[in-house]
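The following exercises train the reading of a protein model, from single residues to the whole chain. Each task is followed by a solution in steps.

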Amino acid sequence: MKRFLLAVIALWVALPAWAQQPTFRVLAFYSDTAERDHVDFARDAIRFYSDLAEREHFSFTATTHWEDCTAENLAQYRVVLWLNDLPHTAEQRTAFEQYMAHGGGWLGFHAAGYNDESTQWPWFVDFLGGAVFYGNSWPPLPATLTLDDPAHPGVRGLPASFVSPPNEWYIWKPSPRRNKNVHVLLTLSPSNYPLGLKDVIYGGDLPVVWTNTRYRMIYMNMGHGDRIFTDPTQNQLFANSLLWLSRPKK
Ligand code: ZN
């Protein structure tokens, strides 16, 4: 009996450690030297996803060291986040391409999707669904977003429209919606136009959150400033999307 009791106690002591084994790993890359509003967002995102990791029992690591963007290292992670930054060298780009080709997951925010003629990374433009940065609104303002597909797991449970906290909104030309592989999840509502004061968006079809169905990825335009995580509805989008991307590989 005494031995049995000891065994029960040993199990009880061991259980919390076992229960805390992370189910999967997530790695976030960010920059602490980018423009202030982009760094503020990155720090808030790290806090938000660290809390989510604790609740959902996965491991979450954030780093500014892009040297860690190697094929061997990335292979350990189910999802990689880019918080307003992207690979700095050709080797890091190649490692990321390999990671995505092998079923890796990616969640990119705001400036992580920025690309223009100086970027010189055609693979990435294709990966983003053909979206090329064309312009932006200024100053950061809230905007009404409408749901394109309520059934998609990344946005499931969200209302048909909601007001997203102040953000710098990007214009894409061409629009990723023109790509047959792109599934748009959220779009800027035309009711926002004209949007901006100094830099004004007067109209147009502007996807805000989308996935290129050829990859396990979601891009989100949110990510400018320290108010992005102030809306529970939008926070649900951020949590749902990461959890959807982190589903086990088939
Ligand atoms: Zn910005």
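Helices (H or I, at least four residues) and strands (E, at least two) are DSSP runs, numbered from the N terminus. The model used throughout is predicted.

**Exercise 1. Determine where histidine 57 lies, and whether it is buried, partly exposed or exposed.**

Step 1. Histidine 57 is placed in the loop between H2 and strand S2 (59-63).

Step 2. Its backbone deserves attention: phi of histidine 57 is near 60°, a positive value in a residue other than glycine.

Step 3. Buried means under 20% relative accessible area and exposed over 50%, with partly exposed in between. Because histidine 57 has 42% relative accessibility, it counts as partly exposed.

**Exercise 2. Describe the site of the zinc ion: which residues coordinate it, and what is the geometry?**

Step 1. Identify the donors. The zinc ion is coordinated by His38 through NE2, His110 through NE2, Glu168 through OE and His224 through ND1, at 2.0 to 2.1 Å.

Step 2. Examine the angles. Four donors count as tetrahedral if all angles lie between 85 and 135 degrees. The angles among the four donor atoms here are 92 to 152°, and the site is irregular. For comparison, the ideal angle for four tetrahedral donors is 109.5 degrees.

Step 3. Read the spacing. Along the sequence, the donor residues follow the pattern H-x71-H-x57-E-x55-H. One pair links distant parts of the chain: histidine 38 belongs to helix H2, while glutamate 168 is in the loop between strand S7 (161-167) and strand S8 (170-172), 130 residues apart.

Step 4. Check the accessibility of these two residues. Histidine 38 counts as buried because its relative accessibility is 8%. Glutamate 168, at 9%, counts as buried too.

**Exercise 3. State the location, the phi angle and the accessibility of histidine 110.**

Step 1. Histidine 110 sits in the loop between strand S4 (105-109) and helix H5 (122-127).

Step 2. Although histidine 110 is not a glycine, its phi is positive, at about 45°.

Step 3. The relative accessible area of histidine 110 is 0%, so this residue is buried. Histidine 110 is also one of the residues that coordinate the zinc ion.

**Exercise 4. Locate alanine 42 and find its contacts beyond its sequence neighbours.**

Step 1. Alanine 42 is part of helix H2. With 0% relative accessibility, it counts as buried.

Step 2. When neighbours within four places in sequence are left aside, alanine 42 is in contact with Tyr30 and Leu83.

Step 3. Alanine 42 and phenylalanine 109 are 67 residues apart in sequence, yet their C-alpha atoms are 9.1 Å apart in space.

**Exercise 5. Name the residues that touch the most other members of the largest nonpolar core, and the helix that gives the largest share.**

Step 1. The largest nonpolar core has 47 residues; Tyr49, Leu81, Leu83, Met222 and Phe238 touch the most other members.

Step 2. Helix H2 (residues 36-56) supplies the largest share of this core, with eight residues.

Step 3. There is also a second, separate core of 30 residues, including Phe96, Ala112, Leu128 and Tyr219.

**Exercise 6. Which peptide bonds before proline 139 and proline 174 are cis or trans?**

Step 1. The bond from tryptophan 138 to proline 139 is cis, with omega near -5°. Proline 139 lies in the loop between strand S5 (133-136) and strand S6 (141-147).

Step 2. Lysine 173 and proline 174 are likewise joined by a cis peptide bond, whose omega is about 0°. The loop between S8 and S9 holds proline 174.

**Exercise 7. Summarise the protein chain as a whole: what are its secondary structure and its radius of gyration?**

Step 1. The chain comes to six helices and 11 strands.

Step 2. Its radius of gyration is 20 Å, close to the 18 Å that the globule rule gives for 250 residues, so the chain is as compact as a globular protein of that length.

Step 3. Along the principal axes, the C-alpha atoms fill a box of roughly 80 × 40 × 35 Å.

Step 4. Of the 250 residues, 52% count as buried. Among contacts between residues at least 6 apart in sequence, 76% join residues at least 24 apart.

Conventions
Residues are numbered from 1 along each chain as its sequence is written. This is a predicted model: local features need pLDDT of at least 70, side-chain atom pairs count only at pLDDT 80 or more; totals for chains, interfaces and linings use all residues. Side-chain values use heavy atoms; hydrogens and water are left out. A nonpolar core is a set of buried Ala, Val, Leu, Ile, Met, Phe, Trp, Tyr and Cys residues joined through side-chain atoms within 4.5 Å. Buried means under 20% relative accessible area, exposed over 50%, partly exposed in between (1.4 Å probe, protein chains only). Donors are N, O and S atoms within 2.8 Å of the metal (3.2 Å for Na, K and Ca); water is not among the atoms, so sites may look incomplete. Four donors count as tetrahedral if all angles lie between 85 and 135 degrees; four count as square planar and six as octahedral if opposite donors are over 155 degrees apart and all others between 65 and 115; anything else is irregular. The radius of gyration is taken over C-alpha atoms; the globule rule is 2.2 Å times the number of residues to the power 0.38. Contact means heavy atoms within 4.5 Å.
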